[in-house]
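Hello,

Here is the structure I promised to pass on to you. Please open it next to this message.

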Amino acid sequence: MARPKASEQVWKQRFHNNTITLYVAHDYPDFYYRVDVKGDRSKYFWGETAHADSQRYAYDKTLEKTL
């Protein structure tokens with residue numbers, strides 16, 4: 001399965017704090033994630049490990065912004 005275009009997705013917010021916002025694609029809730037970091041570009045994660053990868057990325061970015 002090829003990764004669908006991000007612009008064609010409906011994104012639902014799953015988590016938000018002062019620095020990070022985590023979204024999941026409505027049509028692919030287990031496979032497609034987006035992480036918005038304040039001051040950075042959005043990062044997209046696709047595939048079987050997308051959930052874990054997006055959480056790790058968000059955690060690392062939160063630590064970078066708070067230190």
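Below are some notes on the fold, the aromatic rings and the core.

A word on conventions: this is a predicted model, so local features need pLDDT of at least 70 and side-chain atom pairs count only at pLDDT 80 or more, while totals for chains, interfaces and linings use all residues. Residues are numbered from 1 along each chain as its sequence is written, and side-chain values use heavy atoms, with hydrogens and water left out.

Confidence first. The protein chain has an average pLDDT of 94 (the predictor's confidence in each residue, from 0 to 100), and 100% of the residues reach at least 70. Among its elements, strand S4 (residues 43-46) has the highest mean, 98, and helix H1 (residues 50-66) the lowest, 92.

Now the fold. There are four strands and one helix, in the order β-β-β-β-α along the sequence. Helices (H or I, at least four residues) and strands (E, at least two) are DSSP runs, numbered from the N terminus. The radius of gyration is 12 Å, close to the 11 Å from the globule rule for 67 residues, so the chain is as compact as a globular protein of that length. That radius is taken over C-alpha atoms, and the rule is 2.2 Å times the number of residues to the power 0.38. Along the principal axes, the C-alpha atoms fill a box of roughly 40 × 20 × 20 Å. Of the 67 residues, 34% count as buried (under 20% relative accessible area; exposed is over 50% and partly exposed in between, with a 1.4 Å probe and protein chains only). Contact means heavy atoms within 4.5 Å; among contacts between residues at least 6 apart in sequence, 23% join residues at least 24 apart.

The rings may interest you most. The whole structure holds seven aromatic pairs. Rings of Phe, Tyr and Trp (its six-membered ring) pair if their centres lie within 6.5 Å; planes under 30 degrees apart count as stacked, over 60 as edge-to-face and the rest as tilted. One of the pairs is Phe31 with Trp46, tilted at 45 degrees and 6.2 Å centre to centre. This pair links distant parts of the chain, 15 residues apart: Phe31 is in the loop between strand S2 (20-25) and strand S3 (32-37), and Trp46 is in strand S4. Phe31 is partly exposed at 36%, and Trp46 is partly exposed at 25%.

Tyr32 and Tyr44 also form a tilted pair, 6.4 Å centre to centre with 45 degrees between the planes. Tyr32 lies in strand S3 and Tyr44 in strand S4, so this pair ties together parts 12 residues apart in sequence. Tyr32 is buried at 0%, whereas Tyr44 is partly exposed at 30%. These four residues belong to one aromatic cluster made up of Trp11, Tyr28, Phe31, Tyr32, Tyr44 and Trp46.

What is the largest nonpolar core made of? Its 10 residues are Ile20, Leu22, Val24, Tyr33, Val35, Val37, Phe45, Ala50, Tyr57 and Ala58, with S2, S3 and H1 each supplying at least two. Such a core is a set of buried Ala, Val, Leu, Ile, Met, Phe, Trp, Tyr and Cys residues joined through side-chain atoms within 4.5 Å. Leaving aside neighbours within four places in sequence, Ala50 touches Phe31, Tyr33 and Phe45. Ser54, in helix H1, is buried at 0%; with the same kind of neighbours left out, Ser54 is in contact with Leu22, Tyr33, Val35 and Phe45.

Best wishes
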